[in-house]
Structures are given as C-alpha cells and as structure tokens.
Amino acid sequence: MRLSKLLFISFAVILPLVIYSPVTAQDGGQDQPYYIVQEGDSLWEIAARFGVTLEDLQQANNISDPGQVVIGARLIIPGLKGVNGQLNSITVAYGETLRSLSRRYDLSDTTLAQLNRIISSAELYAGVTLIIPTIENQNPVPTERANLTSGQSLLELAVLHGKDSWELALDNNLPGTWAGLPGDTLRVAGDSQGDAPAGLPESITKVEVDPLLMIQGGTTVVKVSAPPGMTMSGSLADRTLNFFPQDYGYVALQGIHAMTPPGLYPLTLAGELPDGERFAFSQNVLVKNADFPYDPSLEVNPVTIDPAVTEPESELWASLGVLVTPEKMWDGLFASPVPAEFKVCWTSLFGNRRSYNGGTYDYFHSGLDFCGQTGTELYASAPGKVVYIGELTVRGGVVVIDHGWGVYTAYDHLSKILVQPGDMVQPGQVIGLGGATGRTTGPHLHWEVWVGGVQVNPQDWLKRAYP
Ligand SMILES: [Zn+2]
C-alpha cells in the first residue's frame with residue numbers, strides 16, 4: 001500500500017511538469033534548435049522563414065559571408081524560446097487541425113502557433129508548410145484515432161482501447177482525465193494512421209485532395225475513404241460537391257473557375273455515418289494564381305459582344321453543364337478531338353484574359369483552340385451522350401456531350417453537325433466538321449471541358465486520367 005501511494009504521489013508531482021514543459025530546458029546552447037540547409041535555400045530565406053534577422057542568424061552561426069552557406073550545414077536558429085531539436089518543414093494535409101498536429105508531434109499548440117506565427121486557425125489551410133521541431137531519432141508516435149462521444153468518459157474510451165486513462169490524457173496534452181470534450185478526436189498509441197484526417201470521424205480513414213494546392217482553371221479530385229452506406233456531401237469555395245460511391249468510399253470532381261481571385265477558400269465535408277451520426281468539417285484550401293496571359297484585344301463583329309446577344313447565350317451555355325448524371329461514362333484519358341496532324345497545334349490556350357474591340361479585360365478564354373480548316377473532321381473525346389446541338393451567335397455551330405458525374409465537353413465554331421441530341425457517342429467518332437462560325441477570326445475548333453458547372457483547363461484532361 002505504502003509503495004503504491006508513494007508512486008501515486010510522485011506521479012502526481014511529475015505530471016504537471018510533463019504537461020506544461022513539453023520541451024526540455026536548454027542546455028548551454030547544446031540543445032538550441034537547428035535547421036539543416038537544403039538545396040535551393042538561401043540564408044536570407046531561412047532567416048525570413050524563422051522570423052529572425054539575417055544579422056542575428058549570421059552572428060549565431062559565425063557566418064561572415066551570407067553567400068557561403070553549404071547544403072547540409074547545421075544552422076542554429078536564435079531566439080526560439082522553449083524549442084529544441086531539428087526544425088523540419090511539413091505540409092499540412094486536409095483534415096489536420098492545430099490540436100491534432102500538436103498531438104502528433106508532441107508540441108504544445110502555443111509552441112506550434114508561435115513557431116509558425118499562426119494567429120488564427122483559418123491560416124492553417126490544407127497545403128501550408130509548417131516548421132516542426134523533431135528530436136533526433138524520435139519520429140511521430142504511431143497512433144490511431146478515437147472519438148470521444150457524448151456522455152463518454154476518457155476512462156471508458158481508454159478501457160475500450162485497452163489503454164490507461166492517464167496515459168491517454170498525457171498523450172493528448174490534456175491536464176487530466178476529466179478534460180476530454182465530447183466530439184474530440186484523441187490520439188491512441190497503436191496502429192499507425194499517419195495520414196488520417198484528424199478532424200473527421202474515425203470511420204473516415206483518409207481524405208485525398210488532389211491537387212492540395214489548387215490553381216485557377218484546375219480540376220480538383222476529392223477522395224474520401226469511408227464505409228459504404230454513408231451520405232456524403234460537401235462544398236469547395238461556393239460550389240456544391242457531387243460525391244459518387246466507389247469501392248474505397250466516395251469521390252467528387254470539381255473545377256476551379258479561371259476567374260476565381262487567388263486566395264483561401266473553404267473545403268467543407270459533411271454527412272451522416274451508417275450509424276446515423278452526423279459530422280461536418282471545414283478547412284481552408286489555397287487557390288493559386290495561374291498567371292494567365294493577357295491577349296491583345298481582338299477585333300470581332302460588334303454583334304458578337306452586344307450584351308443583348310451574349311448574355312442570353314451565356315445563360316443557355318451555363319445551363320447545359322449543370323445537370324449531374326450519376327453514371328460515369330468515360331474511362332482514362334480524354335482523346336484529342338482533332339485529327340493527328342492538329343493534335344498539338346493550338347492557336348490559343350485556356351484561361352487567357354481577353355478583351356474585344358479595345359474593351360476591358362472582362363473575358364477569359366474558356367477552352368483550348370485547335371488549328372484546322374473548314375471541313376476538318378472533329379471527334380468525340382470520350383464516351384458520352386449528346387445533350388445539345390445548335391447554331392449560336394458567339395459560339396457558332398456547337399455540340400455538347402455529357403460524360404456523366406457533371407463532366408461535359410463542348411465543340412464550337414462547327415461548319416456541319418453530324419449528331420443529334422440523345423446520340424450515344426464513342427471517342428474517335430466524327431461528330432461534326434470544323435469551321436469559322438460565330439465569334440472567330442478564322443477556322444479553328446474551340447474545345448471546352450466542364451467539371452461541376454465550371455470550364456476547366458482541357459489540357460489537364462488530355463494529360464491525366466480522372467479521377
Ligand atoms: Zn477558343
């Protein structure tokens with residue numbers, strides 16, 4: 001009895017020290033945080049990254065010439081109180097929170113926030129690079145997640161996972177076993193789930209956002225590994241995501257509009273688990289500037305830029321890409337819509353900012369222009385169903401094909417249309433002949449790809465098999 005009581009007392013004395021001093025005291029400079037110089041680094045950049053002056057960085061490392069820093073050199077980073085070990089960069093995955101990162105890397109969230117100068121959780125967007133101190137030979141603790149449900153105590157959760165409740169509190173930087181909050185996702189030592197989205201329920205084992213750093217005009221794929229029988233919904237910026245069941249879970253495709261101002265936008269995932277539990281998680285993602293070039297102003301027939309004509313046509317055009325067919329009809333890469341001789345002959349790329357007849361740059365090029373002549377055979381790019389044909393003022397003779405899952409292709413300026421709405425088409429099938437109808441300066445094919453109601457860069461679909 002005496003021994004166990006003694007153990008309990010010593011444990012109670014040590015405990016606050018462990019919790020409130022997650023990093024050990026500095027030891028005569030020996031334990032000062034350091035950074036190993038990587039290829040492409042400059043001393044100036046390193047100083048900026050860690051928020052220190054170049055002079056202080058030079059002084060701390062006895063460097064007289066800032067140009068003479070070699071790859072692999074160990075640089076002491078001055079002025080970082082309460083931090084030691086090697087400072088590394090990590091990329092924040094979608095689903096990570098400041099709390100989950102602090103748990104994974106065994107750091108207080110204050111240290112993490114200070115080290116990375118994070119002021120609000122909104123800045124912890126998916127894809128951001130963070131500085132994480134790691135002690136040599138001490139990798140992130142392999143963990144699995146456990147959700148604390150409403151009315152469940154930490155003790156109950158610990159018993160369920162065959163753990164000790166104090167150990168669980170310690171591992172999760174909680175001041176005591178009473179401090180767990182309902183809905184909190186805790187770290188339980190055990191099987192590794194390194195890429196598990198900590199902010200989401202534990203039955204969602206993985207969320208892949210590809211690309212994590214988005215770009216204007218890009219196509220984003222969101223894959224959620226989760227059990228069947230869920231309802232899955234979400235949104236990216238102001239667009240609703242359409243999820244479709246897959247053997248691993250659910251997938252959604254969404255285009256990023258070419259005119260989206262670069263910046264942070266929320267990616268929200270929500271739904272209901274098979275047991276009826278509801279969840280919602282939101283984290284910002286970054287949309288980068290694609291730096292689309294500005295084309296010289298184009299001279300066109302004034303009728304084709306009259307809002308009385310262009311607006312109704314634009315409304316019609318936008319309405320054609322809205323309907324989401326649940327059946328995916330394509331598989332693999334999209335095929336080029338033109339004969340081999342014109343395959344890489346492009347007269348204008350997607351996204352270019354445009355002005356007509358000396359006006360303002362309110363337009364962008366919504367497709368990829370292929371060379372060709374009037375009469376050149378044009379092909380369907382992928383299996384699908386023809387949903388629209390017509391003669392329009394701006395776009396000329398057009399064919400629109402639905403490929404399912406909210407993905408469409410459109411073919412403009414045709415001189416002859418060889419399909420009817422309702423026709424099922426295959427890649428390589430001739431759907432019409434090239435021309436110069438509508439708003440154009442000469443014969444060419446303007447080819448568009450739509451994803452989730454947004455025109456995207458068609459070249460992506462020629463290079464990569466989606467999803
Ligand atoms: Zn075009």
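1. Leaving aside neighbours within four places in sequence, which residues is Gly249 in contact with? In this predicted model, the partners are Val224, Ala226 and Phe244. Gly249 belongs to strand E13, residues 249-255. With a relative accessibility of 3%, Gly249 counts as buried, because the cut-off for buried is under 20%. Have a look at Ser225 too: its C-alpha is 4.6 Å from that of Gly249, though 24 residues separate the two in sequence.

2. Now to the nonpolar cores. The largest one has 31 residues, and Leu253 and Trp461 have the most contacts inside it. Strands E13, E19, E22, E23 and E27 each supply at least two residues of this core, and E27 gives the most, with four. A second, separate core has 26 residues, among them Tyr94, Leu200, Tyr250 and Val287.

3. Try finding Trp461 next. Not counting residues up to four places away in sequence, Trp461 touches ten you can look up, including Leu253, Trp330 and Tyr466. Ring pairs also link Trp461 into a cluster with Phe244, Trp330, Phe334, Trp405 and Tyr466.

4. There are 13 aromatic pairs in the structure. One of them joins Tyr294 and Tyr361 edge-to-face, with 5.1 Å between centres and 65 degrees between planes. These two lie in separate loops, so the pair ties together parts 67 residues apart in sequence. Tyr294 is exposed, at 57% relative accessible area, while Tyr361 is partly exposed, at 32%.

5. Finally, some charges over rings. The charged end of Lys328 sits over the ring of Trp330, 5.1 Å from its centre. Arg439 places its charged end over the ring of Tyr356, 4.2 Å from the centre.

Technical notes. Residues numbered from 1 in each chain as written. Predicted model: local features only at pLDDT ≥ 70, side-chain atom pairs only at ≥ 80, totals over all residues. Heavy atoms only, no water. Buried < 20%, exposed > 50% of the residue type's maximum accessible area, 1.4 Å probe, protein only. Contact = heavy atoms within 4.5 Å. Core = buried A, V, L, I, M, F, W, Y, C linked by side-chain atoms within 4.5 Å. Phe/Tyr/Trp six-rings, centres within 6.5 Å; stacked < 30°, edge-to-face > 60°. Lys NZ or Arg CZ within 6 Å of the ring centre and 35° of its normal.
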